[in-house]
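Subject: Structure for you to look at, with notes

Dear colleague,

Please find below the structure that I promised to pass on, followed by my notes on what was found in it. I have kept to a residue-by-residue account, which you can follow with the model open beside you.

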Amino acid sequence: SRSSLLVGHKLLHVWKENAVARNSVYRNVLLALFASVAQLPGNVFAQVPDKLPQAPDYHGEIRRGADGKLMALPASAPAAKNRAGDGAPKSTMVVGSGEKITTLTEAARLAKDGEVIEIRPGNYRGQPAIWTQKDLVIRGIGERPVMLADGQSAEGKAIWVVRGGNIRSEIVEFRGARVADGNGAGIRFEKGHLTVHACRFADNEMGILTANSADLSLEISDSEFVNAPRHEGQLHHLLYVGAIGKFVLRGSRFQNGYLGHLVKSRARENHVLYNMLADGNEGRASYELEFPNGGVAYVIGNVIGQSAGTDNPSIISYGAEGQRWPENALYLVHNTLVNDMHAGSFLTVQNEKFPVGIEVWAINNLTVGNGNFFQPAQGRFEGNRSASRAELIEYGRLPSRLTTVSPLRGSVRSPGSAGVVDLMPNAEFTYPVGS
């Protein structure tokens, strides 16, 4: 009845106003009144359906970002499935001082497939690790943690040995790797697919060294490789990519090599995009970029420079050790090539070591300084221009970009495509790392 509804509403108001009252007798009286009203015909409470409210929409997972703060990741199909019980969500292991797991050696031993390993800031001395799991994410949180070799190594090879499935390492520094054979690496990569993002490799005999297997693929972005050890008679490459299937290098900076190369790759397919490979005033690297066994190489939009004290007058070398792969081509497009030596070569190609020759496209490159530029017997050589240092803007003490009023801007045609790969740059290197 109407009077029953009025009584019900009044009782609801009283209940809300006194829900935190400490007088148990008063609460009991109210409960008795509710019970009596519930017996009235047509009361308001009888009309409320007896069911739980609908579950809220799923908007994503809460994760800890690189700065240590919590953030919400957008929902995805796999995440929604995991929430519904169709698969286990990724678990997170936190490593560092004050945590249950304090060393990387122990973390690598205990990690499970699909886990996220978060490393707290700090110096991790003498803690080599062997990663054999699949689908791992290993990342620093907050200030980049430093893996200091401190005379220790995993299997006499590296600070970390990666021999799992799909593994991603981000925001970690590797420093001081030394081993008996002189090939101590920050990371020795031996199996699967490895992604390295926003990492730093300094003072290692090899920054990253890979195995020789066409099943491997390596992708590096926004990372630094610097300061090769100064051991006379030994060749320490800042990055040494073996005969793997695919290699991608993007938005990264290389500096201060010594006798070895800044980047050396024997990969079947190479994508070197929007990097700064520049030895610097104190550097004595050999080649800045080398493809000793050929393969297909797309070298687009980089700044590549050798110092006056270089150990080898060639900046880019292709094919010096002969053919390994059935397909061989070099696409050198829209790069800035800087030679601080009084003479030398911007590009050297050992065409005679390949029985059927090499397809070489050198298009729209800007050269600064003196040097020879290999002109291919087969391929394209067009749009290459020279400029003085005064005509360019410097980034990281290296002339990198034309001024906005340079007459060279707009003086060349689009390079087109090589098969399905568009050769026109769609980004540029941003100092100190990134694109």
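The largest pocket in this predicted model holds about 680 Å³ of space. It is lined by 28 residues, and those closest to its centre are H334, T336, S400, L402 and R409. Among the elements that contribute to the lining, strand 35, which covers residues 398-402, gives the most, with 3 residues. If you sort the lining by residue character, 12 residues are nonpolar, 12 are polar and 4 are charged.

Turning from the pocket to the packed interior, the largest nonpolar core comprises 70 residues, and within it the residues with the most contacts are W131, W160, F247 and L330. There is also a second core, separate from that one, which has 13 residues and includes L273, V296, Y298 and W361.

The aromatic residues deserve a section of their own. The structure contains 11 aromatic pairs, and I would start with F346 and F373, whose ring centres are 6.3 Å apart and whose planes meet at 45°, so that the pair is classed as tilted. This pair joins distant parts of the chain, since F346 belongs to strand 28 (residues 345-349) and F373 to strand 31 (residues 372-373), with their positions 27 residues apart in the sequence. Both F346 and F373 are buried. F373 also pairs with F381, and here the centres are 5.2 Å apart and the planes stand at 90°, so this pair is edge-to-face. Is F373 buried or exposed, going by its relative accessible area? The value for F373 is 15%, and the residue counts as buried because the cut-off is under 20%. F381, with a relative accessibility of 30%, counts as partly exposed.

Elsewhere, ring pairs connect W131, W160, F174, F201, F225 and F254 into a cluster. Two of these residues, W131 and W160, were also named above among those with the most contacts inside the largest nonpolar core.

Two arginines are placed over aromatic rings. R380 lies over the face of W361, at 4.8 Å from the ring centre, and W361 is one of the residues of the second core. The other case is R401, whose charged end sits over the ring of Y395 at 4.3 Å from its centre.

Some details of the backbone may be worth a look as you go through the model. Y431 and P432 are joined by a cis peptide bond, with omega at about 5°, and P432 is found in the segment after strand 37 (421-422). I171, although it is not a glycine, has a positive phi of about 60°. This residue is in the loop that runs between strand 9 (158-170) and strand 10 (173-175), and I171 is buried, with a relative accessible area of 16%. N364 likewise is a residue other than glycine with a positive phi, in this case near 55°. Its place is the loop between strand 29 (359-363) and strand 30 (366-368), and at 8% relative accessibility N364 counts as buried.

Finally, here are three pairs of residues that are separated along the chain, with their distances in space. Q323 sits in the loop between strand 25 (314-318) and strand 26 (329-333), and at 36% relative accessibility Q323 counts as partly exposed. How far apart are the C-alpha atoms of Q323 and K353, which are 30 residues apart along the chain? The separation between the C-alpha atoms of Q323 and K353 is 6.9 Å. E382 belongs to strand 32 (residues 379-382), and its relative accessible area of 27% makes E382 partly exposed. From C-alpha to C-alpha, E382 and N365 are 8.7 Å apart in space, while in sequence they are 17 residues apart. L110 is found in helix 4 (residues 104-110) and, at 30% relative accessibility, L110 counts as partly exposed. The C-alpha atoms of L110 and M93, which are 17 residues apart along the chain, are separated by 9.4 Å.

With kind regards

Methods. Residues are numbered from 1 along each chain as its sequence is written. This is a predicted model: local features need pLDDT of at least 70, side-chain atom pairs count only at pLDDT 80 or more; totals for chains, interfaces and linings use all residues. Side-chain values use heavy atoms; hydrogens and water are left out. A nonpolar core is a set of buried Ala, Val, Leu, Ile, Met, Phe, Trp, Tyr and Cys residues joined through side-chain atoms within 4.5 Å. Buried means under 20% relative accessible area, exposed over 50%, partly exposed in between (1.4 Å probe, protein chains only). Rings of Phe, Tyr and Trp (its six-membered ring) pair if their centres lie within 6.5 Å; planes under 30 degrees apart count as stacked, over 60 as edge-to-face and the rest as tilted. Helices (H or I, at least four residues) and strands (E, at least two) are DSSP runs, numbered from the N terminus. A charge sits over a ring if NZ of Lys or CZ of Arg is within 6 Å of the ring centre and within 35 degrees of the ring normal. On a 1 Å grid over the protein atoms alone, a cavity is a set of points where a 1.4 Å probe fits but cannot get out, and a pocket is an open set with protein on both sides within 12 Å along at least five of seven lines; lining residues have an atom within 4 Å of a point. Grid points are joined across faces, edges and corners, and a volume is the space filled by probe spheres set on the points. Ala, Val, Leu, Ile, Met, Phe, Trp, Tyr, Cys and Pro count as nonpolar, Asp, Glu, Lys and Arg as charged, and the others, Gly among them, as polar.
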